[in-house]
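Reader: I would like a close look at a single part of this model. Please go through it slowly and explain the terms.

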Amino acid sequence: MVQELHRLKETPSQTAGPYVHIGLTPNYCDIRGVYDGDLGTAMVNDQTLGERITVRGRILDGADTLVRDAIAEIWQADSAGLYNSPSEMRGTADPNFTGWGRCPTNAEDGYFQFETIKPGKVPFKDGRLMAPHITLWIVARGINIGLHTRIYFSDEAEANAIDPLLLRIEHRQRVETMVAQKDGSTYTLDIHLQGPKETVFLDI
Amino acid sequence: MSANSNQRPETGGFFARDRAWHAPALTPEYKTSILRSPQRALLSLDGTISEITGPVFGHSMIGELDNDLIHNYARPGESAIGERIIVHGRVLDERGQPVRGALLEFWQANAGGRYRHKKETYLAAIDPNFGGCGRAITDDDGRYAFRTVKPGPYPWPNGVNDWRPAHIHFSVFGHGFAQRLITQMYFEGDPMIWKCPIVNTIPDRRAIEQLIAPLDWGQTIPMDARAYKFDIVLRGRRSTLFENRLEGN
Ligand SMILES: [Fe+2]
């Protein structure tokens, strides 16, 4: 016999189901008066520093059908590359930027959309800078455990080319599944849950 | 506030997720997963600062009735119909450490098994005094509690005659975005648990049992509400001893 490690097992994930809006965005599904507003709807205010951008995307299933009952959450650094989190030890993030957003995919056109700012670069574990990116997490009916991926930016081709995470993608044509295309101040990305254009999802 | 509150925030990476403990993405008995499951290998790598960090939610955002589903949607002086219960427990990490300041959001059907949602078609009645959502933030010991009515089981279109056992959905934020978790809580003694295709997406019976809350007779309030205990475990994180420090750390 050896000593016990006394480790617990992580609680198993279960699907968010079709009624996830009741719990996460009750005002969106017309349950009014319980909370003042839905969490994660406003990431910026008038004083937030940085370049204002819109990030939007759709989620498509293996038959290229829109997933209209998902919830997307994003998490990102501020314009200086600092996270608004107690675990951020490198400095103090912009107090006028939450860094976190939550949005259901729209029941009509299937888009999630965030009004945010372009994040600065943050370091990989070895000190190399990663290209600017947004962390994306998706849950929905039919998804047993939330899917993690990232949103990179098409106008950061140079930084993307040396990004330590993107460099780990063996099949190079799949890199573009994580790169949102810029049009004016809007970046757009389709997330494919499966099929030839399947998004690179992360176990991270 | 306990001494814990003065501790330095932790910055270590999270333990790798034991994917065999969770449901796989593709679980054909749960039909919706067939077209919504990634088929390629996940790209696995140790968390970076983008996943080690995460948003925090202050106790100040929690309203007085947020953790009382019996009253938070009810008309003044009225309350939701159903078996009154307290659900309480702790949020811990895999090291057994309490996760303080964790935001829990929960949602559920009413006592008849009916959700307040426009896509819901079950013929059970809506309860005008029941919304079905609540939230709480854990204290310094990782504890949370809320009051609600026991949700009813309900049928759903999957197989011809599939029913969900009574359950409450939970969404949990820990300290890092990599800990983000959504799960469901079931009730001790419910024979329908083992018939449910969504429960049975989880391959290991011990993992399923981790989702079943026992009746907690000690915490039951006499002449008022029975209690169920539901502890939640989030991914643990390494201590940063001997790890490469991020610049400025
Ligand atoms: Fe449910």
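Author: What follows covers the metal site and then the chain that holds it.

This is a predicted model, in which local features need pLDDT of at least 70, side-chain atom pairs count only at pLDDT 80 or more, and totals for chains, interfaces and linings use all residues. Residues are numbered from 1 along each chain as its sequence is written, chains are lettered from A and ligands numbered from 1 in the order in which they are written, and side-chain values use heavy atoms, with hydrogens and water left out.

The iron ion is coordinated by B:Y115 (OH), B:Y154 (OH), B:H167 (NE2) and B:H169 (NE2), at 1.9 to 2.2 Å. Donors are N, O and S atoms within 2.8 Å of the metal (3.2 Å for Na, K and Ca); water is not among the atoms, so sites may look incomplete. Along the sequence, the spacing of the donor residues is Y-x38-Y-x12-H-x1-H.

Why is the arrangement irregular? The 4 donor atoms subtend angles of 90 to 162° around the iron ion, and this makes the arrangement irregular. Four donors count as tetrahedral if all angles lie between 85 and 135 degrees; four count as square planar and six as octahedral if opposite donors are over 155 degrees apart and all others between 65 and 115; anything else is irregular.

B:H167 is buried, at a relative accessible area of 1%, and B:H169 is buried at 3%. Buried means under 20% relative accessible area, exposed over 50%, partly exposed in between (1.4 Å probe, protein chains only). In chain B, buried residues make up 55% of the 249 residues.
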